[in-house]
Number of protein chains: 2
Amino acid sequence: MNYFGQRLRELREKQELLLRQVAAHLEVDTALMSKIERGDRNASKEQVVKIAEFIHADLDELLTLWLADRVESAVGEEKKLANEALNIVKKKFKK
Amino acid sequence: MNYFGQRLRELREKQELLLRQVAAHLEVDTALMSKIERGDRNASKEQVVKIAEFIHADLDELLTLWLADRVESAVGEEKKLANEALNIVKKKFKK
DNA sequence: CTATATTTGACAATATTTGACAAGTCAAAC
DNA sequence: GTTTGACTTGTCAAATATTGTCAAATATAG
C-alpha cells in the first residue's frame with residue numbers, strides 16, 4: 001500500500017474514470033497504471049503532473065503523497081532508526 | 001555534503017586512521033572510501049556495519065546518519081513539499 | 001623534491017527500473 | 001454457461017542507474 005496510489009484510485013473512482021482513460025492520457029499501458037495505483041510501481045514526477053491535470057486534482061497534494069512514498073521506501077526496513085533520521089532531515093528543511 | 005560521510009571522517013581522523021586502512025577492512029578501493037566520505041557515493045548498509053566495527057563507533061549512530069542521507073536524497077529537489085511529506089511518514093512510524 | 005594520502009574522471013560490470021505484452025481473474029450482462 | 005469489460009499479474013527486453021576499479025591528478029607532509 002502507498003499513499004499516492006491509494007488517493008489516486010479514490011479520486012479516479014469518484015469521477016468514474018477508467019484506468020484505461022488515465023493511462024491513455026499518460027500514453028502508457030493500462031497494466032502500468034494498475035501497478036501504479038496499487039503501489040507495485042512508482043510514478044515519475046512527470047506522470048504525477050499529468051495525472052493531476054487529467055483528473056483535476058490538486059498537484060501539490062498528489063506530489064506530497066508521492067514524495068511520502070519515496071521517503072518511506074528510502075527508510076525501508078530501518079524502522080527502529082527511522083524516527084530519529086526523519087527528525088534530522090526535517091530540521092534541515094526548517095529553513 | 002552528507003551526514004554519514006562527514007561524521008565518519010571526523011571519527012576516522014580522530015583515530016589517525018587512513019582511508020586505505022578502512023578501505024582494506026571493507027575490501028574496497030581507497031577511491032571508493034574517499035567518495036563515500038565525501039558523499040559522492042552511498043555506502044551500503046553492510047559497509048556501514050563494517051566501518052562502525054572497524055572504527056569502534058556506535059553502529060546505531062552511524063546507521064541513523066546514513067539513513068538520514070537516504071531520506072534526504074529521496075526528497076531530492078522537492079523542498080517545498082518535503083516538510084509535509086516527512087510529517088506523513090513520521091506519523092506512520094509513531095507506532 | 002620525494003613520498004604518501006586523497007581526490008577525480010572514465011570505464012566495464014552489474015543491478016535496478018521501465019514499460020509493453022500476454023495471459024489471468026473477476027463480476028455483471030447476456 | 002459464455003461473452004464482455006475492467007483490472008491484475010508475470011515475464012521480458014531495453015533503458016538507466018549504481019557499483020567498484022583503475023589511472024591520472026592533486027594535495028599534504030617531511
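# Helices, a chain contact and two DNA strands

Visitor: What makes up the secondary structure of chain A?
Guide: In this predicted model, chain A has 6 helices and 0 strands, and from the N terminus on its elements run α-α-α-α-α-α. The C-alpha trace of chain A spans about 40 × 30 × 20 Å along its principal axes.

Visitor: How many of the residues in chain A are buried, and what makes a residue count as buried?
Guide: A residue is buried if 20 or more other C-beta atoms lie within 10 Å of its own, and buried residues make up 32% of the 95 residues in chain A. As for the contacts in chain A with a separation of 6 or more, 59% of them are accounted for by residues 24 or more positions apart.

Visitor: Why is A:R38 called partly exposed?
Guide: The class of partly exposed residues lies between exposed, with 12 or fewer other C-beta atoms within 10 Å, and buried, with 20 or more. A:R38 has 13 such atoms within 10 Å, and therefore it is partly exposed. A:R38 is found in helix α3 of chain A, and its C-alpha atom is separated by 20 Å from that of A:D60, 22 residues apart along the chain.

Visitor: Why is α5(A) called oblique to α6(B)?
Guide: Helix α5 of chain A, residues 59–75, and helix α6 of chain B, residues 79–92, pack at an angle of about 55 degrees, with their axes 8 Å apart. Angles under 35 degrees would count as roughly parallel and those of 65 to 115 as roughly perpendicular; the angle of about 55 degrees belongs to neither range, so α5(A) is oblique to α6(B). The crossing in which α5(A) passes α6(B) is right-handed.

Visitor: Which residues meet where α5(A) packs against α6(B)?
Guide: From α5(A) come A:D60, A:L63, A:T64, A:L67, A:A68, A:V71, A:E72 and A:V75, and these meet B:L81, B:A82, B:E84, B:A85, B:L86, B:I88 and B:V89 in α6(B). By class, the residues of this contact divide into 11 nonpolar, 1 polar and 3 charged.

Visitor: How many residues does each chain give to the contact between chain A and chain B?
Guide: The contact takes 23 residues from chain A and 23 residues from chain B. On the side of chain A that touches chain B, the elements that give two or more residues are α5 and α6 of chain A, and the residues of that side divide into 14 nonpolar, 2 polar and 7 charged.

Visitor: Which residues come nearest to DNA strand D, and what makes a residue count as near?
Guide: The C-beta atom of a residue has to lie within 6 Å of the strand. Of the 16 residues around DNA strand D, the nearest are A:L19, A:A31, A:S34, B:D29 and B:A31. Two or more residues each are given to this surface by α2 (19–26) and α3 (30–38) of chain A together with α3 (30–38) of chain B. The largest share, 6 residues, comes from α3(A), and by class the surface has 6 nonpolar, 4 polar and 6 charged residues.

Visitor: Which residues and elements surround DNA strand C?
Guide: Around DNA strand C there are 16 residues, of which A:D29, A:A31, B:L19, B:A31 and B:S34 come nearest. At least two residues each are supplied by α3 of chain A and by α2 (19–26) and α3 of chain B. Here α3(B) gives the most, with 6 residues, and the surface near DNA strand C has 6 nonpolar, 4 polar and 6 charged residues.

Terms used. Residues numbered from 1 in each chain as written. Chains lettered and ligands numbered in written order. Predicted model: local features only at pLDDT ≥ 70, side-chain atom pairs only at ≥ 80, totals over all residues. Helix = DSSP H or I, 4+ residues; strand = E, 2+ residues; numbered from the N terminus. Contact = placed C-beta atoms within 7 Å. Nonpolar A, V, L, I, M, F, W, Y, C, P; charged D, E, K, R; others polar. Axes fitted to C-alpha atoms, helices over the stretch in contact; angles between N-to-C directions. Parallel < 35°, antiparallel > 145°, perpendicular 65-115°, else oblique. Left-handed = near helix turned anticlockwise from the far one by under 90°.
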